[in-house]
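Q: I'm new to this structure and would like a close look at one part of it. Could you take me through the charged side chains that meet there, and the strands around them?

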Amino acid sequence: MPEGNSAWEVNLGPICFSDGQIDLKPQFKIGAETATFKAEAGLSDLRNGLKVSAQAQARVQAESSGHSLRELHDSIRCSAPGFAQ
C-alpha cells in the first residue's frame, strides 16, 4: 500500500508503477491505488501466497477533539469534498 499523501501505485499485469519506479512482480493484477482510493482485480504477488481478488475501496480521514462525547461529535472536521462539516 502506498504511504504518504502523494504516494500512488498502478499495476498492469506483472508490471508495477509506484512513485516513479517500475518493478516486475510475479502477479497478474490490474489496478490503481492512491491515499484515498484503491481498485484492483486479478492475481496478487505469488511471493505472498495465492490470492485472487476484485475490490474497490475509498478512504476518508476525519479529526475531532474534546473531553466529552458531545464535544467530540461537535468538533468533527473532514477535509474531503462532499462531507458536511
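A: Aspartate 45 is a good place to begin: with a relative accessibility of 10%, aspartate 45 counts as buried, because the cut-off for buried is under 20%. Please keep in mind that this is a predicted model. Aspartate 45 has a salt-bridge partner, arginine 47, and the closest N and O atoms of the two are 2.6 Å apart. Arginine 47 has a relative accessibility of 58% and counts as exposed. This pair therefore joins a buried residue to an exposed one.

Now let's move to glutamate 33. The C-alpha atoms of glutamate 33 and aspartate 45 are separated by 15 Å, and the two residues are 12 apart along the chain. Glutamate 33 belongs to strand S2 and is buried, its relative accessible area being 7%. The side chain of glutamate 33 meets that of arginine 59 in a salt bridge, at 3.6 Å from N to O. Arginine 59 sits in the loop between S4 and strand S5 (62–63), while glutamate 33 is in strand S2, so their contact ties together parts that are 26 residues apart in sequence. Arginine 59 is partly exposed, with a relative accessible area of 28%.

Strand S2 takes part in another such contact. Lysine 29 and glutamate 40 bring their side chains together in a salt bridge of 3.4 Å, N to O. Since lysine 29 lies in strand S2 and glutamate 40 in strand S3, this pair links parts that are 11 residues apart in sequence. Lysine 29 counts as buried at 11% relative accessibility, and glutamate 40 is buried with a relative accessible area of 11%. In total, the structure holds four salt bridges, and those described here are among them.

What about the strands themselves? Strand S2 covers residues 21–33 and strand S3 residues 37–43; the two run antiparallel and are joined by six bridges. Across this pairing, lysine 29 stands opposite glycine 42 in S3. As a general point, strands of a sheet pair through backbone hydrogen bonds, either parallel or antiparallel.

Stepping back, S2 and S3 belong to an open sheet of four strands, with antiparallel pairing and the order S1-S2-S3-S4. At its edges are strand S1 (9–18) and strand S4 (52–58), each of which pairs on one side only. On average, neighbouring strands of this sheet are turned by 50° against each other, direction ignored.

Note on methods: Residues numbered from 1 in each chain as written. Predicted model: local features only at pLDDT ≥ 70, side-chain atom pairs only at ≥ 80, totals over all residues. Heavy atoms only, no water. Pairing = 2+ DSSP bridges. Axes fitted to C-alpha atoms, helices over the stretch in contact; angles between N-to-C directions. Buried < 20%, exposed > 50% of the residue type's maximum accessible area, 1.4 Å probe, protein only.
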